[in-house]
Each structure stands twice: as C-alpha cells, then as structure tokens.
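User: I've just started looking at protein structures and keep tripping over the vocabulary. Could you take me through this one and show me what makes each label fit?

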Amino acid sequence: MPEEMTASRTATEYQREWVKGLRAQITGGAQYAFANADTPHEIFHHMGLPVVTNQWWSAIISAKQLSEHYFDHMESLGFHGRLARYSSLPLIAELEGDRERQPWGGLPRPAVFCARQSADDHQKIFSLWAERTGAPLFLFSAPAVPDPAPDWWALARNDWEHLYGTDRLDLMVAEMRDLIALLEGLTGRRFDEESFRAYLDRVNAQEEIFAEASELLAAAPRSPIRINEQIPNVMIPQWHRGSDWALAHARAFRDEVAQRVRSGTAACENERIRMMWIGAGLWFDTSFYTAFEESHGAVFAWSMYLPFAADGYIRHDHGDPLRALAARVVSMNEQLHQPPWVNSWLVEQAKKHRIDVALMLIPRHDRFSGLGSLIAKEALEQAGVRVIEVWSDMVDRREWDRDAMYERVASELDRLPRRSD
Amino acid sequence: MTGQEAIEALEAAFAAKAAAGHDRPIVGVFGNGVPLSLISAAGCLPADVKSAPDNRIFHVEPAVSRFLEPFLDDHARVFLHRLFGGDFRGMAAIVFPRDDAAALAAYQYATELRRQGLAKSSMPRLVLWNLVHGKSDAIAAFNDRQAQRLGEELAAIGGTAPADGDALVRVMEAEHARTAALSRLETLVSGDPPLVSGGEAMRWRNAGRYLEAGRHAAMLDAACEEAASRQAGRSGRRIGLVGTALDDPRVYGAIESFGTIVCDLQPFGSVWPGPSSAAMPDEVVRAEAGDPLAARARPELAPLEALVARLVRSRCDVVVAQYDQNDDTFGWDLPGLRDRLSAHDIPLVDLGFRDPRPDDAWLHTAQSRLAAALEAEHA
C-alpha cells in the first residue's frame, strides 16, 4: 500500500491550523457567516468574512459520532422523523442546547446566515436558525431551468448564459448585489469589484488545475490514490478557493498525482475492479471506501468532488465576474441531483474513468439529494456499469449496518466477470 | 339550475376531475401558484392534473415504475403514471409551478423520461411556471418575464398571446365573480353555526379546478343559496386544517365527526385559487408572488404568521395537522406552529403521516387522537 500523499498531510495540517485560527477568531467575537455550500462563498471571502459551511459543520458533528444523539433528540423537539439530516444536523445541535456536547463548545451567533432555495426545506431550516439566534438570513431565490441541456458540463465554462438562462442570472446577480450591500453594512468594508475580478481569476485557475488532476486520474492505468485522499485534497482547498495557499496546494496535489502515475503507483496493487462512489461522503464511516481492496481488488477510483471542482466551478467571466459567479452558483447543487443533468454527467464520468461498479448513496429522508437517483442508475446500467444502491444517510448512522452492507457489496463484486490482467 | 342541481354538478365535477368542454385548448395545471386568468385570457381552459380521480390513483404504468423513488411525492408519482399511461393526451399543454412542492420533480421526471423515449404517444407540451414567491423588484422583474414566457408557450399551442389587455379584463371579471362566490362559501362554512361542512367546501371549491371561472361562480352561488336555507346548522368544534395537499373526502369525514373544518389552509383548501384571482388585471402576477401561504413563500412574506392569523381569525377551537408519507417541508413548521397556536390557547393535534387514500385503520386512529386531545382539553 503506498504511503500517504505529502499533499494529504499538508492539507490536513493546514486545515487543522486554519480551524484553530477560525475557532479562535469566531469564539473571540469576530464576525462570520454561516452558509450553505451552494451559496456564493466568494463574496464572503472577498469581504473578509470567514464562512462556516453548514455541510462542513454537519460532517464535523457526524465524524464526532454525535449525530445519533441529535437525531434522537430531533423528534423530542417536535420534528418528525423523515426530515432531511445532512442540512439540519447543525441546527438540531443548536436547538438541543447543550453547548458542551458540541464541537468547539458550539458556534457563536453568526453575523449572517445564507442559504439558497435550491431545496424546499433549506429556507425552513435557516429561518428557524435565524429566529433562534436573531441573526439575519439572506436567502437566494432558486427558480429552475426550464430546458436543461443534458451535457451541461460542455457548456458551463463558456456558454453559461445560454445554459442557465438570462432571466435566472439577472435575478441571481441582483440578489448578489443585495448581499454585497448587506455585508458592506455589517463589516464596514467596501466591495472592490476590480480586485474581485482578479480573485475569481485565481479561483478559475485553481479549478483548471483540479481539472488536470482529474484527467490524470481518469487516464491512469490504475488509480494512484484513494478517494479518502482525493476528497480532502480537493475540499480543503475548495473551502479556501482562490487563496495563495489553495492554488499552491492544487498544483502540489496535481504534481504528486502526476508523479504517482508516472511511477505506476497504485492505491491497490491488485486493482481489478474500478468503482465510483456517487453522492456526498459517508461521513461517519469513511473507512468503508477501502473495505473491498484486499478481498476483491476493488478500489474507489472516483468521487464527485474532484471532477465537480472542474465542471461545477470553472466559469470564464466574459468581462462580468459577478455574472460569472452567478453562473457558478445558480444551479450548483441542481447539477448533481436533478435529471437530465445528474444522469448524463455520471455516465460521462463513468466512461471517462472506466468504472465497473457504482455505489450510489440514496438518502431516504433527504429528498433533494435522492431524487433522480433511479434515473441515474438506469442510465449507468445502460452504459454497462453495475449499480449498487446504498440506502443510507450521509450523517445519520442509526440505520447503517456496515457488516450487512459489506456482504451485499461483496456478493455483487463476486458476481462480476473477472477482468483479464 | 336549481341549488340542488348546482350542488350535484359541483360534486360530480369534483369526482370526475376532468375538464368540461373542448371548444378550446385544455391546459393542465399541476397544483397551485399559476394565475389561472393568464391561461384563460389566452383562450385556453385550465384544468388541474395534480389530483387524480379515484379510479386512477393506483394506476401503474410499468414503463416508468423503475425510475420512481419511493420518496417521490405521491402526487408526482400518481401523475407520472397517468401521464405516461396516456391520461392527458387530450391536453394541449401542462403547466408546472416550480413553487408547488411536487411540481418540479413531476416536470423534471416527465421531461427526462420523455427525452429518453418512454412516451407511447404524443404528450402535451410541458411548461415550467417559474414564479418566485417574494417581494423584491428583482423578483418582480423575473416574474414578469415568466408571464411573458407563459404567454409565448400558450400561443404555441393555439392560444392567443401574449394575452391582450381586454381579454384579461374580461377573464378577471369572471375570476372576481368566483372569488365573491367562494367568499360566500367561506362565510357559510365558518359561520356560527356553520351551514356547510369543510368537506363540502373542499369539494365545491376544487370542482372549480375543472370549470371555467364564470360557470364555477354561478354554480357556487346557486349551491350557497341552497345551503343558506338549511334549517339546522352544524354542531361541534371549530376545526382548522393544515399540512400537505389533501383531497380525500373520507379524511374530512373522519375529522368532521367532531365538528366542522372552518378554516382549511392545506393546498386543496381555501388557499386555492390564490390571491391572483382577486387582483386587478395588471397586478395578477404580483399578487400571486405575494401569497404568504404558497409552499415556498420566502421569509419576508411571513408565511407562518399568516397561517396562524387565519386560524385565529376563524376562531378555531383546535387545529389538525396531517402530512404525506414523504413530507420534507411542512414538518419544519410544526413545532413553531404548535407554539404560536398555544399562545392563543388553540391546541394542535398531529395526525402524522398518511397515504393519499388512508385506510380505515388510519382514519380510526386519527379519530382516536382527535378525541383524546379534545377530551384532555376539556378536562
């Protein structure tokens, strides 16, 4: 088994230090924003306002094995048991009220909440939180795309005006300007459009590097890294996108991947089966990703985070950086969960990465994340990929039976025709 | 038409759930949030497709079954089976309001499965109505563009478009007549004592989803005239009803064994046909966008406060909540609703999850819960 990547160690160390600094900042009274992942973080970063991302915080709580307690408590608060977990876990922790139990002793009141109406429940969750804390909520509208082009990734970098629609982009830009005005009032700082353009150029540059890394991985005869390393090497820089550190790290990661490909390094020496993990991470049990290497030579060669850094983020600005940012955000989440986008993209990715088997995370009680799954499953199977449904939540481990899931997956892998080496 | 004939006609229209008359293009509407006047003014007849007649609720179209997750909204699922089973082949178009909880998924699945070639025969034109429920100038500009787009889509199926001013004025007169008739119905169901049951009001109101506004208004007026002459009013508790879209008369019957649903605020209740029906012609879109009771109403419309205000104004003794098996939105409002109602000494009874057509066991349990809550309140 190859050593941990240098890039992985540096990413983890950077994040650890950054988290310490962030914690000191905000528990010391500094203003910060609490925002959903599919909102324009670039605006907050450019205004010097740190962001705690809802889904990141949710994963932190889950990784500390606290989700069971909070979801049991959720129903005692009067919320029924079929509401979304991933986006609500931080709220439930807040409502439960025992700050000593929470990571960091709980989060202080943010200066602002920010969400988008991409899912029907997001405004409900964030409204409850805003009501609880008295902090203002900035909510972006999320009208849908009437005629979505299936091959969205081929259009998104340059032809985003046509892909997403002028009226939707007009609305998004207008709301971004409202957010900027709010933040200028909160922070006392002015939003500088010229330096913002340069900042977005750096974000694009970072994502172009990730695109190169993704292509390297797709073309490698054997997967040189596991998704356990792929994910933090992408997501940590993504939370700091456009910063000097993030750009430098993206280059270091790409170069290290390239070096491993050149040297023939493989995450799993006896790689026989290439798998893709579809959906958000299984945050409470990430060791599951390596569970089939020894027994079956089955390695997870793909997770969405790296390829989406390219397809989901690169937007050439055509002289209007705020509009290009709107094009990044206006359907960010929808591209990963709604037909025809999700199914078309997954097939394209599966073919590019030579995937044999897909494990598809389907959260029963997170409808926005789960809809389109069976359409995507059918599309992948038509493309020759065997699909195994994993009916589990990303952060709620109460129904997760690892042994049973292992047996299920293993028996499917046993049935695959053996690939000749 | 006598009052009794009007009542029978309304009941029949509700049960049939099919557009009457084919002298113009029929445009299906999936749920709430579309100003029906825009469709009527384009020379088309709007007709609901979200609610299904009893003999089609359980229809299964095998070709689409494997694509439908178990957590897909029940209305979306039933609709998709019917759509690909050919139920709507007589329609020229179907409009899906993005802000209706089930409509977006129904639209996306319908368009994608059609793109994949699953439609056995020609399908209606599928149109997304992208109205945002909010108050900003940017939202208003966006919504105006959507109204324009809708007009273009209706023109493409043989309607007149964009809807000319005179046509809209004429249509709004009919909508205003309907609004007045519905207001009269509301007075009868919320009166002291009520002369019309909540179940009757739901059926007579929703019959209008398949009728021209003017005709619906005339039938309602006659029905209300008949009901106003009823000798005995209804007894029992004044009940409020909230939750997800419910159109099952048996559930109404079970709840109303304890009184009358005097304030019905679920999507098939008095929230339809929406504020656009009472608006001036040039304010139709803005009125619809300002509806605080829309499923995705933005926070600045104060949706929960609007809900509670209506329940309090109706002098509800108790409020009943119910929701579909896959609810992922209303459930977030429940604790806050309970607390706000409690401040007005109005208890909330949570009947929990239900199927589109709950069985006798569910109805019995619902009645037991309501009975226990009312007894506890009385004690």
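Analyst: Sure, let's start with two residues: in strand β3(A), the bridge partner of F34(A) is F113(A). Keep in mind that this is a predicted model, where local features need pLDDT of at least 70 and side-chain atom pairs count only at pLDDT 80 or more, while totals for chains, interfaces and linings use all residues. Residues are numbered from 1 along each chain as its sequence is written, chains are lettered from A and ligands numbered from 1 in the order in which they are written, and side-chain values use heavy atoms, with hydrogens and water left out.

User: What makes β1 and β3 of chain A a strand pair?

Analyst: Strands are DSSP runs of E with at least two residues (helices are runs of H or I with at least four), numbered from the N terminus. Two of them pair if DSSP finds at least two bridges between them. Here three bridges join β1 (residues 33–35) to β3 (residues 112–116), so the rule is met. The two strands run parallel.

User: Why are β2 and β4 of chain A said to stand at the edges?

Analyst: Look at the order of this open sheet of four strands: β2-β1-β3-β4 in chain A, with parallel pairing. β2 (51–53) and β4 (137–140) each have a single partner strand, so one side of each is left without a neighbour in the sheet. On average, neighbouring strands here are turned by 20 degrees against each other, direction ignored.

User: Which strands form the other open sheet, with β5 in it?

Analyst: That one also has four strands with parallel pairing, in the order β6-β5-β7-β8 of chain A. β6 (298–303) and β8 (386–390) are its edge strands, each pairing on one side only. The average turn between neighbouring strands is 30 degrees, direction ignored.

User: How do you know that β5 and β7 of chain A pair?

Analyst: Same bridge test: four bridges join β5 (residues 273–278) to β7 (residues 357–361), so they pass it. For instance, I278(A) has M360(A) as its bridge partner in β7(A). Helix α11 (residues 227–239) of chain A packs on this sheet, where it touches β5 and β6, and its direction makes about 20 degrees with that of β6(A).

User: What makes α1(B) oblique to α9(B)?

Analyst: Axes are lines fitted to C-alpha atoms, for helices over the stretch in contact, and angles run from 0 to 180 degrees between N-to-C directions. Under 35 degrees counts as roughly parallel, over 145 as roughly antiparallel, 65 to 115 as roughly perpendicular, and the rest as oblique. α1 (residues 3–16) and α9 (residues 213–228) of chain B pack at about 125 degrees, with axes 7 Å apart. That angle falls in none of the named ranges, so α1(B) is oblique to α9(B).

User: Which residues of α1(B) and α9(B) meet?

Analyst: Contact means heavy atoms within 4.5 Å. Among the residues that meet are I7(B) and L10(B) in α1(B), and M219(B) and L220(B) in α9(B). The contact divides into eight nonpolar, three polar and one charged. Nonpolar covers Ala, Val, Leu, Ile, Met, Phe, Trp, Tyr, Cys and Pro; charged covers Asp, Glu, Lys and Arg; the others, Gly among them, are polar.

User: Why is α1(B) called roughly perpendicular to α8(B)?

Analyst: Their angle is about 75 degrees, with axes 8 Å apart. That sits inside the perpendicular range, so the label fits. I7(B) and F14(B) of α1(B) are among the contact residues, as are M202(B) and W204(B) of α8(B). By class, there are seven nonpolar, one polar and two charged residues.

User: And what makes α4(A) roughly perpendicular to α5(A)?

Analyst: The axes of α4 (residues 67–76) and α5 (residues 89–96) of chain A come within 9 Å and cross at roughly 70 degrees, so they land in that range too. The contact includes F71(A) of α4(A) and I92(A) of α5(A).

User: Why is the pair of F79(A) and W332(B) called tilted?

Analyst: Rings of Phe, Tyr and Trp (its six-membered ring) pair if their centres lie within 6.5 Å; planes under 30 degrees apart are stacked, over 60 edge-to-face, the rest tilted. These centres are 5.0 Å apart with planes at 50 degrees, so the pair is tilted. It crosses between chains, from F79(A) in the loop between α4 and α5 of chain A to W332(B) in helix α13 (residues 330–342) of chain B. The structure holds 36 aromatic pairs over all chains.
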